[in-house]
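Ready for a short set of structure-reading exercises? Have your viewer open, try each task on your own, and then walk through the solution.

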Amino acid sequence: METIIKLENISYKYEDEYVLRDISFDVKKGEKIVLLGINGSGKSTLLKIINGLIFQQKGNYYYKNTLITKKLLKKKDFVKQFRKEVVFLFQNPDTMIFNPTVYDEIAFGLRQLQIDDIDERVKHWAEKLGVYKYLDTPPFNLSGGEKQKVCLASLLALEPEVILMDEPTSNLDPRSTGWFIDFLYELDITTIITTHNLSLSLELGERGLVLSEDHRLIYDGNLKEFLNDIEKLKEANLVHIHKHRHGKIEHRHYHTHDF
Amino acid sequence: MRDKLFLLFYVFGVFLFTIIHDIFVIGVFSLILVLLSYNQAITLIRRSIISVLLFNGVITVSYILYAIFTGRQWLEYITLLNLRVFALTYLTFFFISKVNLFKALSFSKTLTYILILSYTQILIFKRQLNEFKLALQSRLLEKPSREDSYNFISTIFYYFLNKSMRNTKEISDAMKSRGFFVE
Ligand SMILES: Nc1ncnc2c1ncn2[C@@H]1O[C@H](COP(=O)(O)OP(=O)(O)OP(=O)(O)O)[C@@H](O)[C@H]1O
Ligand SMILES: [Mg+2]
């Protein structure tokens, strides 16, 4: 399979402190990748770089063998193609929603493509994401999970090649989470999903990338193996130790938490 | 000590400008404030106007439109609102120009905490605003239409208005639960 995304020694800082250090990995077309890391490890920042929204101070990022630069993302033709092919579901759906109705929200990207079957596509994706009945309502009043579905519909309507999802399950209740996992399974495009929910991560993809607290990539490989590697889990601070009581017996051992 | 006296004056001022609902009284107090700051008055007036212009402008215009559509009175409310915000801003600039804030609050852990809290709020708002911009940029395949820009800006505006109202309520509830302003 061909490589679609390639990161070479990426480092990024907002002010003085680096929040990503020397990150390198490749993504092949069609891969489903889970990006794990504790709060503040740099997951969202990394997705923003891959989406061409912010630019690393060090290292190179290639999309389909093209070096992505600030300058390139000012070129009209390229922007149009890139933004259609690589889409990003933000961590907080509120930041993405600004159209007066759900219909307009989903049609927003399509209208910029000057295609004929907008109406058909909007309805198709609304149906698929289960928000058809809201087409005429303003999206502001929907619940967090419904908003997320509207955002997903509006991104998928573009028929992108890569979708980046930042904590897509954080607003979903257990039933919707189950639905989302099935939905993802059938989705036939390259995906990178962030989460800090360990048990859920296995359902979201096979390959895991793990960021440590000091913002380095400490694991790239089979997710199941990572989850069985207590030393690596400790390094990523994704487990912690605490006391337990079972009746009168007290003991300590490592724990993973899924909240 | 000087810093602390100024602080007292400031807190009292904020309190007054917040509880008074009479345009005339607020007007008189504003005037006194301007006179008190005599040699800085022009700089402070300019600075206050510039910093409230956008925010108040948007609120004023949208409120007037809203009031016209729903057939409400707006003149008094809008005058009071603008005057109040101006007075509070003026007072704050005046105070900051005289005082080192962290020094003035150093006597109380709680107040230092509140200062840090408000400072953090500002940072969070700033970051959130940036997040909105990035999200739009991510979805823009070409330059936005005028209508899209309008929708975008009004959404952000509404979002922050809502959020700050909720935050204010939450913070004041939290303060009440810690025994501040007992009614
Ligand atoms: N706009 C910003 N300006 C300055 N610092 C920022 C900004 N956004 C994020 N940071 C900082 O960069 C670091 C990485 O943030 P990022 O949002 O990428 O982490 P994350 O892994 O997505 O965390 P979370 O799980 O909480 O979403 C954090 O320390 C954060 O405080
Ligand atoms: Mg994040």
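Below are six exercises on this predicted model, each with a worked solution.

**Exercise 1. Overall build of chain A**

Task: Find how many helices and strands chain A has, and judge its compactness from the radius of gyration.

Solution:
- Step 1: Count the elements; chain A holds nine helices and twelve strands.
- Step 2: Take the radius of gyration, which is 20 Å for chain A, and set it beside the 18 Å from the globule rule for 259 residues; the two are close, so chain A is as compact as a globular protein of that length.
- Step 3: Look at the extent along the principal axes, where a box of roughly 65 × 45 × 35 Å holds the C-alpha atoms of chain A.

**Exercise 2. Burial, contacts and charge in chain A**

Task: Describe how chain A divides into buried residues, exposed area and charged side chains.

Solution:
- Step 1: Start with burial; 53% of the 259 residues of chain A count as buried.
- Step 2: Turn to the surface, where chain A exposes about 12,500 Å², with 47% of that area supplied by carbon and sulfur atoms.
- Step 3: Check the contacts in chain A between residues at least 6 apart in sequence; 63% of them join residues at least 24 apart.
- Step 4: Finish with charge; chain A carries 35 positive and 39 negative side chains, and 4 Å separates the centres of the two sets.

**Exercise 3. The four-stranded sheet**

Task: Work out the strand order of the open four-stranded sheet in chain A, and say which strands stand at its edges.

Solution:
- Step 1: Pair β1(A), residues 3–13, with β2(A), residues 18–28; they are antiparallel and share seven bridges. A hairpin of four residues links β1(A) to β2(A), and one bridge sets Leu7(A) against Phe25(A) in β2(A).
- Step 2: Pair β1(A) with β4(A), residues 58–63; this pairing is also antiparallel, with five bridges. Here Ile5(A) lies opposite Tyr63(A) of β4(A).
- Step 3: Add β5(A), which runs antiparallel to β4(A) and is joined to β4(A) by two bridges. Tyr63(A) has Thr66(A) as its bridge partner in β5(A).
- Step 4: Chain these pairings together to get the order β2-β1-β4-β5 in chain A, an open sheet with antiparallel pairing.
- Step 5: Read off the edges; β2(A) and β5(A), residues 66–67, each have a single partner strand, so one side of each lacks a neighbour in the sheet.

**Exercise 4. Positive phi outside glycine**

Task: Compare the settings of Asp22(A) and Glu167(A), and decide for each: buried or exposed, or in between?

Solution:
- Step 1: Check the backbone; Asp22(A) is not a glycine, yet its phi is positive at about 55°. Glu167(A), also a residue other than glycine, has a positive phi near 50°.
- Step 2: Place each residue; Asp22(A) sits in strand β2 of chain A, whereas Glu167(A) belongs to the loop between β7 (162–166) and α6 (174–186) of chain A.
- Step 3: Apply the cut-off for buried, under 20% relative accessible area. Asp22(A), at 43%, is partly exposed, while Glu167(A), at 6%, is buried.

**Exercise 5. The hairpin of β4 and β5**

Task: Identify which residue takes a positive phi in the hairpin of β4(A) and β5(A).

Solution:
- Step 1: Locate the turn, which has two residues between the strands β4(A) and β5(A).
- Step 2: Inspect phi there; Lys64(A) takes a positive value near 50°.

**Exercise 6. Two residues of chain B**

Task: Place Ile96(B) and Asp148(B) in their helices, then find what Asp148(B) touches in chain A.

Solution:
- Step 1: Assign the helices; Ile96(B) is in α4(B), residues 75–98, and Asp148(B) is in α7(B), residues 146–177.
- Step 2: Classify the accessibility; Ile96(B) is partly exposed at 44%, and Asp148(B) is buried at 18%.
- Step 3: Compare sequence and space. Ile96(B) and Tyr159(B) are 63 residues apart along the chain, with 29 Å between their C-alpha atoms. For Asp148(B) and Ile42(B), 106 residues apart in sequence, the C-alpha separation is 39 Å.
- Step 4: List the contacts; Asp148(B) touches Phe98(A), Asn99(A) and Phe108(A).

Definitions and conventions. Residues numbered from 1 in each chain as written. Chains lettered and ligands numbered in written order. Predicted model: local features only at pLDDT ≥ 70, side-chain atom pairs only at ≥ 80, totals over all residues. Heavy atoms only, no water. Rg over C-alpha atoms; globule rule 2.2 N^0.38 Å. Buried < 20%, exposed > 50% of the residue type's maximum accessible area, 1.4 Å probe, protein only. Contact = heavy atoms within 4.5 Å. Areas by Shrake-Rupley, 256 points an atom, 1.4 Å probe, with all protein chains shown as cover. Lys, Arg positive; Asp, Glu negative; His and termini not counted. Charge placed at Lys NZ, Arg CZ, Asp CG, Glu CD. Pairing = 2+ DSSP bridges. Lists of a residue's contacts leave out its neighbours within four places in sequence.
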